[in-house]
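Trainee: Hey, got a minute to go through this one with me? I'd like to get the sheets and the contact between the chains straight.
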Amino acid sequence: MDEPLNLVLFSGTDDKLQAAAVLTAGAAALGKPVNVFLQYWALDAFRADRIGADHGLAPEAGASGRVAVDALRTAGQASWAETFRQAKDIGEVDIQACSLSMDLLGIDETALDPLVDGVEGVTAFHISAGNGQIVFI
Amino acid sequence: MTTAEATVTVTVDTRGLSCPMPIVRTAQAVRNLPSGTLLEVLATDPGSQKDFVAWSRSTGNELVSQSVDGAVYRFLIRRK
């Protein structure tokens, strides 16, 4: 369990972020370190002023996917942001914003939700990732 | 009631919570308990059956028993 799980989050829709949060929490529960690198629209979703907003779903969800996702939420499923918070509570989860994506969005670190631990470049992310798998979502 | 049942001191009720919250809540509960404590976890997430086996094996907390009562899964765990 020593090798970390490394997630590169690119997509900013709620379904993909939810899937990433569940993967993160599961690994954290097993004592596996998790490195999360936020790029593009995923980083945009972690902005403090919109982390709780409706970020839509991936195009393949369609209308029936929308209904299914809403039903899970109504049944009490925790939001992806809350799931990431819980994952950080039980395990070693480091969430870093991609510095290039920060430039793309024209924001600085103060605009990000406290879930984000810092800003780094891609090289630093690869060093943190070690020999662990890198998953792009 | 077996001896083990009689010494259950903590119940983690995760009924209604979806994956991965049953495991997350359990991980949060065990860290504040002394070694050897028996706790029971109640869950309705079907995935929890395999999740608790894997979690126990990985973390060293012993899965003493697991059972199903209707739609509720019950796991008895001894804190490492």
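Mentor: Sure, and one term before we start: two strands count as a pair if DSSP finds at least two bridges between them. Also keep in mind that this is a predicted model.

Trainee: Okay, so in which sense do strands E2 and E4 of chain B pair, and over how many bridges?
Mentor: E2(B), residues 38-43, and E4(B), residues 72-78, are antiparallel, with six bridges. If you want a spot to look at, find Val41(B), which sits opposite Phe75(B) in E4(B).

Trainee: What's the strand order in the whole sheet of chain B?
Mentor: It's an open sheet of four strands, E1-E2-E4-E3, and the pairing is mixed. E1(B) (8-14) and E3(B) (62-69) are the edge strands, each pairing on one side only. From one strand to the next, the twist averages 20°.

Trainee: And which strands does H2(B) touch?
Mentor: H2(B) packs on the sheet against E1 and E2 of chain B, and its direction makes about 150° with that of E1(B). Then there's helix H3(B), residues 48-59, lying across E2, E3 and E4 of chain B at about 175° to E3(B).

Trainee: Switching to chain A: how many strands are in its open sheet, and what's the pairing?
Mentor: Five strands, in the order E4-E3-E2-E1-E5, with parallel pairing. The edges are E4(A) (118-120) and E5(A) (134-136). Here the twist averages 30° from strand to strand.

Trainee: What joins E1(A) to E2(A)?
Mentor: Five bridges, between residues 5-9 of E1(A) and residues 34-38 of E2(A). Leu5(A) is opposite Val34(A) there. H1(A) packs on this sheet too, touching E1, E2 and E3 of chain A.

Trainee: Now the contact between the chains. How many residues does each one give?
Mentor: Chain A gives 14 residues and chain B gives 13. On the chain A side, H1(A) gives the most, with four residues. That side divides into eight nonpolar, five polar and one charged.

Trainee: And how do H4(A) and H2(B) pack?
Mentor: Their axes are 10 Å apart, at an angle of about 35°, and the crossing is left-handed.

Trainee: Which residues meet there?
Mentor: From H4(A) you have Gln86(A), Asp89(A) and Ile90(A), and they meet Val24(B), Ala27(B) and Gln28(B) of H2(B). By class, that contact has three nonpolar, two polar and one charged residues.

Notes:
Residues are numbered from 1 along each chain as its sequence is written. Chains are lettered from A and ligands numbered from 1 in the order in which they are written. This is a predicted model: local features need pLDDT of at least 70, side-chain atom pairs count only at pLDDT 80 or more; totals for chains, interfaces and linings use all residues. Axes are lines fitted to C-alpha atoms, for helices over the stretch in contact, and angles run from 0 to 180 degrees between N-to-C directions. Helices (H or I, at least four residues) and strands (E, at least two) are DSSP runs, numbered from the N terminus. A crossing is left-handed if the near helix is turned anticlockwise from the far one by less than a right angle, and right-handed if clockwise. Two residues are in contact if their C-beta atoms, placed from the backbone, lie within 7 Å. Ala, Val, Leu, Ile, Met, Phe, Trp, Tyr, Cys and Pro count as nonpolar, Asp, Glu, Lys and Arg as charged, and the others, Gly among them, as polar.
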